[in-house]
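Trainee: Could you take a close look at a single part of this model with me, and then place that part in the whole chain? I would like to follow one small region from its own residues outwards.

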Amino acid sequence: SQVHDLWVARKEELEDRGEYERKKEDSKKYENQYHKAKKKWLGIVIVNGDMRISVLNSVKEIFEEGQAMHHCVYAMEYYKKKNSLIMSVTNSAGRVATVEYSLKSGKVLQCRGLCNKEPEDYDKIISTIECNRQLFKSA
């Protein structure tokens, strides 16, 4: 029945919210680890015309990015990945994309727009980051 389906959906939503709150609390303990691991890259911003590409400076910022962009960057715990940097791409209209950059290979691993779609300026984002890879050298 419709009522049953509604209650099942509501129960699933509450369970999802509970899991979400647990992950949010759990992520707080990773904040210090994240800062220690990524400190030499925190604060990096690359500007190309109207586009700004910023390293996300905290687990909280990664959480906010995932929420705003409706994708899994936070839920899949990318903040725990040792050799990755997570960046947010914005322009005058707002958030455009989230980028995962490999510190090991010096290449963009992923570039995702809203709801995991390919962002409009995909090629420009990739080339801008890769032209500035010297900013991300490990040592």
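Mentor: Happy to! One definition will help with the surface figure: accessible areas here come from the Shrake-Rupley method with a 1.4 Å probe, and for residues only the protein chains shown count as cover. Keep in mind, too, that this is a predicted model.

Let's pick Ser54 and its strand. Ser54 sits in strand 2, which spans residues 51-55. Is Ser54 buried or exposed? Buried means under 20% relative accessible area; Ser54 has a relative accessibility of 16%, so it counts as buried. Its strand is mostly covered as well, with four of the five residues of strand 2 buried.

Now for the company Ser54 keeps. Leaving aside residues up to four places away in sequence, Ser54 touches Ile44 and Val45, and also Ile86, Met87 and Ser88. Val45 belongs to strand 1, residues 45-48, which runs antiparallel to strand 2 and is joined to it by four bridges. One of the pairings to look for is Ile46 with Ile53, its bridge partner in strand 2. Strand 1 and strand 2 form a hairpin with two residues between them. In that turn, Gly49 has a positive phi of about 65 degrees.

Ile86, Met87 and Ser88 take us to strand 3, residues 84-91, which is likewise antiparallel to strand 2 and joined to it by four bridges. Here you can find Arg52 of strand 2 with its bridge partner Thr90. As background, side chains in a regular strand alternate between the two faces of the sheet.

Stepping back, the protein chain has four helices and five strands, and from the N terminus on its elements run α-α-β-β-α-β-β-β-α. Of its 139 residues, 35% are buried. Among contacts between residues at least 6 apart in sequence, 53% join residues at least 24 apart. The accessible surface of the chain comes to about 8700 Å², and 51% of that belongs to carbon and sulfur atoms.

For a helix to set beside our strand, try helix 2, residues 31-38, whose buried residues are Glu31, Tyr34 and Lys38. Seen down the axis of helix 2, these buried residues fall within an arc of 60 degrees, so they line one face. An α-helix has 3.6 residues a turn, so residues three or four places apart point the same way. The face of helix 2 turned away from its buried side carries the exposed residues Asn32 and Lys36.

Definitions and conventions: Residues are numbered from 1 along each chain as its sequence is written. This is a predicted model: local features need pLDDT of at least 70, side-chain atom pairs count only at pLDDT 80 or more; totals for chains, interfaces and linings use all residues. Side-chain values use heavy atoms; hydrogens and water are left out. Buried means under 20% relative accessible area, exposed over 50%, partly exposed in between (1.4 Å probe, protein chains only). Contact means heavy atoms within 4.5 Å. Two strands pair if DSSP finds at least two bridges between them. The arc is that of the directions from the helix axis to the C-beta atoms.
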